[in-house]
Amino acid sequence: AALVLELGSEEERSRKGAGARSFARTQILIHAMSVFNQQGLDETSVQDLLNAANISRRTFYKYFTSKLDVLESIFVLASKVMLARFESELPATRSRDELLDRFVHIYFDYQFSVGRIVGIMLEESLRAASPLAPHRQRLLDKVVVVLQREFSRLGLPAQDYWRLMGLLWALEGASMHLLTSPTSRADDLEACRRGMLLLWQQGMVA
């Protein structure tokens, strides 16, 4: 909810002009996150979203074309939140290990604080034909830029685009496995986080 309230008004202003904001649209996004978390994408209908937000079908289609359009908007907002954390917190680090530790911590904290919907969005964004796919690629490209900038700030060796992209794909795969596995436990998350941090540390150019 905080994610939508923080950035939803920004998105509305860009679409409709300064100062414009739709309470109905924000309500749809907030309630949709809960519905997707509980039911998943396939089992959720537009009617479920209407019922959750207590709005009419006409109001829904004023802002969205489908449930996937809603999920796309949530994905865009969630991506902005994670990127904003990287950009605000990573510059405070003072060494390579501190940078990587903070980066991996932020990534997993973002993924698992939002809930099951993150796995749903990530899985959907991996489909080449999905409208979420280009947003995912733009996010990854921006994260690479942030990391390359931080390595430069610390006076560390430059990191190749594809090396960083491959490590990001490993993070995606690990988090999606945990988010979509019904048998995942809390200690699995911490073990995965430690394993991914080790992979990143070993994968960097010395």
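**Notes on the aromatic pairs and the two biggest pockets**

1. F60, Y61 and F64 come together as one aromatic cluster. Keep in mind while reading on that this is a predicted model.

2. Looking over the whole structure, the search turns up eight aromatic pairs. One of them is F60 with Y61: the ring centres sit 5.1 Å apart and the planes meet at 85°, so this pair is edge-to-face. The cut-off behind that label is an angle over 60 degrees.

3. The two partners differ in how they meet solvent-accessible surface. F60 has a relative accessible area of 0%, so F60 is buried. Y61 comes out at 41% relative accessibility, so Y61 goes down as partly exposed.

4. Next, a pair further along the chain. Y161 and W162 have ring centres 4.8 Å apart and planes at 90°, so this pair is edge-to-face. As for exposure, Y161 is at 26% relative accessibility and counts as partly exposed, while W162, with a relative accessible area of 55%, is exposed. The line for exposed is drawn at over 50%.

5. On to the pockets. The largest pocket has a volume of about 220 Å³. Its lining is made up of Q39, G40, L41, D42 and E43, then R116, G119, I120, E123 and E124, and finally L179 and T180.

6. Which helices each supply at least two residues of that lining? They are helix 7 (116-125) and helix 9 (161-180). Helix 7 gives the most to the lining of the largest pocket, with five residues. If you want to see this on screen, R116 and E123 are among the lining residues to pick out.

7. Sorted by class, the lining of the largest pocket holds five charged, four polar and three nonpolar residues. Among the lining residues are D42, E43 and E124.

8. The second largest pocket takes in about 170 Å³ of space. Lining this pocket are V76, S79, K80 and L83, together with H135, R138, L139 and K142. The elements giving two or more residues to this lining are helix 5 (67-89) and helix 8 (133-153).

9. How many residues of each class line the second largest pocket? There are three nonpolar, two polar and three charged ones. K80, R138 and K142 are among the residues in this lining, as are S79 and H135.

Methods:
Residues are numbered from 1 along each chain as its sequence is written. This is a predicted model: local features need pLDDT of at least 70, side-chain atom pairs count only at pLDDT 80 or more; totals for chains, interfaces and linings use all residues. Side-chain values use heavy atoms; hydrogens and water are left out. Rings of Phe, Tyr and Trp (its six-membered ring) pair if their centres lie within 6.5 Å; planes under 30 degrees apart count as stacked, over 60 as edge-to-face and the rest as tilted. Buried means under 20% relative accessible area, exposed over 50%, partly exposed in between (1.4 Å probe, protein chains only). On a 1 Å grid over the protein atoms alone, a cavity is a set of points where a 1.4 Å probe fits but cannot get out, and a pocket is an open set with protein on both sides within 12 Å along at least five of seven lines; lining residues have an atom within 4 Å of a point. Grid points are joined across faces, edges and corners, and a volume is the space filled by probe spheres set on the points. Helices (H or I, at least four residues) and strands (E, at least two) are DSSP runs, numbered from the N terminus. Ala, Val, Leu, Ile, Met, Phe, Trp, Tyr, Cys and Pro count as nonpolar, Asp, Glu, Lys and Arg as charged, and the others, Gly among them, as polar.
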